[in-house]
Amino acid sequence: MALTSAIMQDPPLTIRDSRDADLPAIAAIYGHWVVHGLASFELEPPGVEEMARRRRAVLDAGYPYLVAEGEGGAVLGYAYAGPYRTRPAYRFAVENSIYVAPEAARRGVGRVLLPALIARCEQAGFRLMVAVIGDSANAASIRLHERCGFTHAGLLPAVGWKHGRWVDSVLMTRPLGEGSATPPPAGR
């Protein structure tokens, strides 16, 4: 499934399902933010093999894993959803993850990826998306989520230690589909 975005006209941006061939780019994007940012609380960047294992687990569990592809097929970002928690009562809630290549920052990649991920999760019947944003000073990610309909749900102060300082996590949520207005389908 591929979508072309009107937000990035030069060059056009295509949102599509991730492929095995995207894994080196996905690992490089994530690795950059592990080393240079606070969005991820990992301390060492995982290699391509580990990223492949993680992606396979997401896909095997029936969750979406998307990439934003730019000119020449370059992967400019990726987003996926996974279980918010593993206990059965949480089965209608997903947690999102979104990372943009540093060279594509502030070019609208996230503004295209996140709505596409939301739409895929709604199509799959999920009812709530949770964002766990590393670093309460991550204004760009917080703003992106707000623009996509997320509201603040809480703050975990000083929950992580990275790059020589305490780091908060911001919790944001967004209803999907009918949200909590109706019960889920029987048997699910």
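Biologist: Which residue of β8 does M129 stand opposite?

Modeller: M129 stands opposite R174. The model is predicted, with residues numbered from 1 along each chain as its sequence is written; local features need pLDDT of at least 70, side-chain atom pairs count only at pLDDT 80 or more, and totals for chains, interfaces and linings use all residues. Side-chain values use heavy atoms, with hydrogens and water left out.

Biologist: What makes β6 and β8 a pair of strands?

Modeller: Two strands pair if DSSP finds at least two bridges between them. Strand β6 (residues 128–134) and strand β8 (residues 165–175) have seven bridges, in the antiparallel sense, so the requirement of at least two is met. Strand β8 also pairs with strand β7 (residues 151–162), in the antiparallel sense and over eight bridges. In that pairing, G160 has V167 of β8 as its bridge partner.

Biologist: How many residues lie between β7 and β8 in their hairpin, and what phi does H163 take there?

Modeller: Two residues lie between the strands, and H163 takes a positive phi near 55°.

Biologist: What makes a stretch of the chain a helix or a strand, and how many of each are there?

Modeller: Both are DSSP runs numbered from the N terminus: a helix is a run of H or I of at least four residues, and a strand is a run of E of at least two. By this rule the chain has four helices and eight strands. Their order from the N terminus is β-β-α-α-β-β-β-α-β-α-β-β.

Biologist: Why is F126 called buried?

Modeller: Buried means under 20% relative accessible area, exposed means over 50%, and partly exposed lies in between, with a 1.4 Å probe and protein chains only. F126 has a relative accessible area of 8%, which is under 20%, and therefore F126 is buried. This residue is found in the loop between α3 (109–123) and β6.

Biologist: Which residues does F126 touch beyond four places away in sequence?

Modeller: A contact means heavy atoms within 4.5 Å. F126 touches Y63, R91, F92, V94, C121 and L176. In addition, the C-alpha atoms of F126 and G177 are 7.4 Å apart, although 51 residues separate the two in sequence.

Biologist: How do you know that strand β4 is mostly covered?

Modeller: Seven of the nine residues in strand β4 (residues 75–83) are buried. The strand is antiparallel to strand β3 (residues 65–69), with five bridges, and antiparallel to strand β5 (residues 93–100), with seven bridges. L66 has A79 in β4 as its bridge partner, while A81 is bridged to N96 in β5. The hairpin of β3 and β4 has five residues between the strands, and G72 in its turn has a positive phi of about 70°.

Biologist: Is D135 buried or exposed, and what is its phi?

Modeller: D135 has a relative accessible area of 10% and is therefore buried. Its phi is near 80°, a positive value in a residue other than glycine. D135 is found in the loop between β6 and α4 (139–147).

Biologist: Why does A158 count as partly exposed?

Modeller: The relative accessibility of A158 is 36%, which falls between the 20% and 50% limits, so A158 is partly exposed. A158 is placed in strand β7, and its phi, near 45°, is also a positive value in a residue other than glycine.

Biologist: Why is L13 counted as buried?

Modeller: L13 has 0% relative accessibility, which is under 20%, and so counts as buried. The residue belongs to strand β2 (residues 12–17).

Biologist: How do you know that the radius of gyration agrees with that of a compact globule?

Modeller: The radius is taken over C-alpha atoms, and the globule rule is 2.2 Å times the number of residues to the power 0.38. For 188 residues the rule gives a value near 16 Å; the chain has 16 Å, and therefore the two agree. The C-alpha atoms fill a box of roughly 45 × 40 × 30 Å along the principal axes.

Biologist: What percentage of the residues is buried, and what share of the contacts with a separation of 6 or more joins residues 24 or more positions apart?

Modeller: Buried residues make up 44% of the 188 residues. Residues 24 or more positions apart account for 62% of those contacts.
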